[in-house]
Amino acid sequence: MDTAIVRVLLESTVKIALFFFVMLTVVAYMTWVERRVSAWIQDRRGPNRVGPLGLLQPLADGIKFLFKEEVTPPHVYLPVYLLAPMLIFVPALVTFSVVPIGPSLDLLGHRIALQIADVDNGILIVLAFSSMGVYGVALAGWSSNNKYSLMGGLRSSAQLISYELAMGIAIVGVLMATGSLRLSDVVEHQIQNGWNVLYQLPGFLVFLTAAFAETNRMPFDLPEAETELVAGYHTEYSGMRFSMFYMAEYANMVTASALVVTLYLGGYHVPGLARLGLPETAAAIVQVLAFCAKVAFFLFLYVWVRWTVPRFRYDQLMNLGWKGLLPIGLANVLWVSFLVLKGWA
Amino acid sequence: MRVEFFLLMAALLFTIGCVGVLVRRNAIVILMCIELMLNAVNLTFAAFAHENQSMAGHVFVFFVMTVAAAEAAVGLAIVIALFRRRRTTDVEDASLMRW
Amino acid sequence: MVLLLGLIAVVAVFALARTFVPARTVPVGAALGAVMVALVAYDHQELASLEFWSGLIGFVAIMSALLVVIHPNPMVSVLFLILNLFCIALFFLILNAQFLAVIQVIIYAGAIMVLFVFVVMLLNLKAEEGLRLGGGPQRSGAVVLGVAFAALMFYAIRNRGAAPYFEPESFDSGFGTARGIGRLLFTRYQFAFEAASILLIAAMIGAVVLAKRKLR
Amino acid sequence: MMLRLLWLIPLLPFAGFLLNGLLGARYLTRRAVALVACAAVLASFAISVGAVLELHNFAPTPAETDAGSPARFTQTLFEWMPMGTTPEGADLTVRWGYSLDPLSAVMILVVTGIGFLIHVYSIGYMEHEPRAGFARFFSYLNLFMGMMLTLVLGASLPVVFVGWEGVGLCSYLLIGFWYDRMFDETTKMSCADAGRKAFITNRIGDVGFLLGMLLLFTAAGTLDIQAILARAGALGTGVCTAAALLLFLGACGKSAQIPLYVWLPDAMAGPTPVSALIHAATMVTAGVYVTCRMAPLYVQAPAAMLSVTVVGALTALFAAIIGTAQDDIKKVLAYSTVSQLGYMMLAAGVGAFSASIFHLMTHAFFKALLFLGAGSVIHAMSGEQNIWRMGGLRRHLPLTHATFAVAVLAIAGIPPFAGFFSKDAILAGVLALAGQAGSPALLAVWAAGVLTAGLTAFYMTRLYLLVFAGVPRMPEEARHHLHESPPVMTRPLIVLALGAAVAGFVGVPEFLGGGSLPNWLQVYLSGTVPSFHPDSGVIYLSEWSAMAIALLVSVAGIAAAWAMYGRRPLPAPAAAAEARGFVRLIKEKFFVDEAIDALVLAPYRWLCRASAAFDEKVVDGLVNAAAAATDLASQLLRLVQTGYVAGYAFAFFLGTVVVLFFVMR
């Protein structure tokens, strides 16, 4: 085996392990953040018993989930029932692999990109894997063999498909401006020409809304609307399998936030950093931190919105998706093409 | 990697799809078998495109996908209409169009 | 070597398909992992080769295709078809058709198959009863025909003219990219492209008309 | 100059036809219609006269004239059927051309001259027709003129055939002119039926003409008449005989010879001017004309000549016998025409072609005159045609009577009227040939000719006596309507009477004139038709005595008629049913129509019915069986359509595999 492949394999393995660890940690702590923020918004205290400020709460939850009995209802279609949580969790993680969290830098004599996979068709891969998420929801609903689950699954898949479209249209604007499908190019383009959000505000808003819908978060959490569907597609799940859904939701949130940041808010770009003349490594660290901060803001926004906005009705949801976001997205495409033609973007 | 490998693979997939169409009675599965066949053809296109270094094969794959999407949409709509009327998706129950 | 791996893949896929009970899955998976590790230890060169992965993907593709046909439950068939589509997407990648690979995933796996899942869910289809191979003359005839067809294809492919042995490094960097396809699509195949768009609209209207309960 | 306008001669009447046919019924007044029609024919006549006069001074090359070849002018208008050339290089192209030579010169003069007179006469005769019918009548007449002139002038056989068919068509149209009227109450024959009968009978002859034409084309490689005649000697007797006989079959149809004469008596269903023009003066002589035109061919075929002679003689005698017992004024004239046509054929058969044409010309005069006179009588009698209800018309119709009497004398062969000379020329020809060949059979033919002459004199006198002499036998009411015809009708009669009186002098036999009055018609025609010159041999009778015998027989016929019908009061006519024996046979026209009906038509009808049955049962049966087989096969095949998609797909896949197998094998 020649050294190049060994190096690539090693590098990737390290990156993946690191990413996995960070991701799971963030996901775990997002549950804590969620509860704390909601308590704050509702003028309560929130979890504060386990550890300082309740910081060990996610750990406790995890332990609890692991040790809970896995109840497998007798009427489910087992193979698919088992497969569904994995299908919903994996795409969320995989999507993140194409997002650059920082510039490439020299480390230990190698040029290393702060990105797991810098592929040509990055944006398409994002779309591809986000579309995979539908299966988890749909199959979970179907295999549970329960009409509430089925309804939840159907609704959810319809919702995901609808908003995926809006999302795709919004991304087209970014693609046109950049002229490349590579996400690092997208960031590079924004560093050169300014953030996309500045002149693609409609696209940004559409993408953001669609991202909310894609993650099944309030105000679009119809698939699990407990008042009408008990708990939607994951009614029959319990224990670690339920926690997979739970974690997948937060993983999706993180990925979606990272995508919003990458596509519209310049990714790891910090305006004016280049002028400071920092050494490359330090600058990279600053940029990674900036990226994290931006993502954190959006994660907070998710929580904020969840406890602020009421849930849509199903028809309102569909109307918004097809009659609201889609036209706006198309208008955005027109606008960006105008800009591109004029050479302003 | 000889291109023959992909051709053989495509041939096998195509055969399986064909046999599936003949063997199965569920309209949805039959449609899926047709998708299988289309994919086998797509693979052949891609293989030849690679062999000849011509992107035309890719374009054809693109169009095949378009057609497949249209076919799936209409086919499934028909299946739904059929199911609504006759409570079945078995193609052998939908045999009114005969002598 | 490839044969051995293929055998393992067959066993794995069958295990996954037929015995999806966790109790049995765990030891099989573990055994599989152990074998893999042993193989890596034995011959890592082989593992890094394209032939090995192609063979593996091919076996998975064939097996999943077979299961699409064989499995009585339509939903399982759909899932195996998705697996098959992924395999083909990987083939596309191997054939330097990266754009096609992604498109394959987005359109086929992400859109068309979702439609299938949707319909299966909507109709709440049960497993097809009485599905067994060799039942009835037509089924056995179909299998015989299939074998004959496959044999013909093998014969044809075996007897085709000498083909170049491709070297991935020799390729033009633009081959298989979105840019390349787009260039062709909007120049040489402009008309076909427009026609395809009309086809899609027609299919959309047709599907709506067919599936709608009552047209207002 | 006039010769250059040859093409106008048929074209002018044709233009008149178009003008009257398309506009006449709606936009033109009677006067205009009549003017157009007559002017067209008159112009044709004028051009004809000019052309014929010019033909005398015309010679293609002086050398040809010196060699004694006929003065002939041929005008080729266009290539009609370009058929390329034979491998040997012979030109097969058929050209549309007209040719004028002495034979056709005589014909066009007769046709246009007499035609013009009849046109004028028709103005008066048809005055009671509605305007549309009037215009139709004249357009038909003009069309007929055009076609007849095409026939006469045609330089090649197809052109002649066009005219031949065209005059047949006009004959059909004009016989059936009063298509809504009944012609014969006893046999329920309408005028339209009569027209059909004429047309169909003619068609039978036309088949012969067509076949003869094609045979000549095959044998000679050309259809140009002069070319064929020039090669006639090289064709061989067999071909010549076959072609001559086939052409003669056509002539039989057109010229009403046995056995195809039956249409002519029924053709009297048409208006009388039509009978005069078509069925007496011009069209019916077309057969004789063509026979004479192809004379060099006939000369090469003695058997054909003999057939012509026999058929002509039989027809002449047969029709004359029937004519003695007819009660209808026009029927008498019709049988007379058949008889006289037989005479002409007889002449042609013995080789006396110029005599034949001579008789054709004189006959045109006096027979047209007879018909027109009969028309005048019918006009005066308000449509009555039965001679037993006439009588004593001499007082009421003096002009008609006078002219009619001239015509009767002419046809009866009384010198110096025209018929005497022409009939004598024919009889002399027969006698001369008989003398040359030493054949008693030809003497019998001569005897038949003489007998016919006597019978002709008999029935014509009978007709004259019954119509004009004696006491009136018509009803009282009809007697008051009697009136002489208007001048527009009588003037043509006078002109024709003059012609009938003097036309014979163009063909005075040589022994009579001795040079002062040469038989210059024969001289004139000699270049075109082979003249009959008995060089030597036994002559049974001297020309003088032969002529005397013929004259005596004619006078005897007149006397006999006078004896039978000149008495007063006249005995009532015996009804046909009451008559016995030979008289009955004559009155019933020898039952020829009935015989044809029984011998030809009945088997033919049976054949038709059998064919119809064959068609319905066998042919249709086969078709139906095919349909039934298809149906059955479809019924079986449709079982394939099971409605099961898998079955279809299986068949599809099977087919694919099979095709692939064969493609890759």
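The following legends describe close-up views of a predicted model.

**Figure 1. The largest nonpolar core of the model comprises 220 residues.** Within this core, the residues with the most contacts are D:M294, D:L297, D:Y298 and D:L393. The greatest contribution comes from helix 16 of chain D, residues 353-380, which supplies 18 residues. A second core, separate from this one, holds 180 residues. Among the members of that second core are A:A213, A:V254, A:L325 and D:A649. In soluble globular proteins, nonpolar side chains tend to be buried together.

**Figure 2. The surroundings of D:Y298 are shown, a residue of the largest nonpolar core.** Apart from residues up to four places away in sequence, D:Y298 touches D:A244, D:L247 and D:F248. Its partners also include D:T291, D:A304, D:M305, D:V308 and D:F353.

**Figure 3. D:T456 lies in helix 19 of chain D, which spans residues 440-468.** Is D:T456 buried or exposed? With a relative accessible area of 0%, D:T456 is buried, because the cut-off for a buried residue is under 20%. When residues up to four places away in sequence are set aside, D:T456 touches D:S339, D:Q340, D:I411 and D:K423.

**Figure 4. The interface of chain D and chain B brings 12 residues of chain D into contact with 10 residues of chain B.** The size of an interface is often given as the accessible area lost when the parts come together. Between chain D and chain B, the buried area is about 1100 Å². Carbon and sulfur atoms give 70% of this area. Helix 27 of chain D, residues 645-664, provides the largest share of the side of chain D that touches chain B, namely 6 residues. By type, the residues on that side of chain D are 8 nonpolar, 3 polar and 1 charged. How many salt bridges does the rule find across the interface of chain D and chain B? The rule finds 0 salt bridges there. It likewise finds 0 residue pairs in polar contact across this interface, where both residues must have pLDDT 80 or more.

**Figure 5. D:A649 is located in helix 27 of chain D and is in contact with residues of chain B.** Its partners, leaving aside neighbours within four places in sequence, are B:V21 and B:L22. The relative accessible area of D:A649 is 17%, and D:A649 is therefore buried, the cut-off being under 20%. D:A649 also belongs to the second nonpolar core, the one of 180 residues.

Conventions
Residues numbered from 1 in each chain as written. Chains lettered and ligands numbered in written order. Heavy atoms only, no water. Core = buried A, V, L, I, M, F, W, Y, C linked by side-chain atoms within 4.5 Å. Buried < 20%, exposed > 50% of the residue type's maximum accessible area, 1.4 Å probe, protein only. Helix = DSSP H or I, 4+ residues; strand = E, 2+ residues; numbered from the N terminus. Contact = heavy atoms within 4.5 Å. Buried area = accessible area lost by both parts, 1.4 Å probe. Salt bridge = Lys/Arg side-chain N within 4 Å of Asp/Glu carboxyl O. Polar contact = N/O pair within 3.5 Å; in protein donor to acceptor, adjacent residues only side chain to side chain. Nonpolar A, V, L, I, M, F, W, Y, C, P; charged D, E, K, R; others polar.
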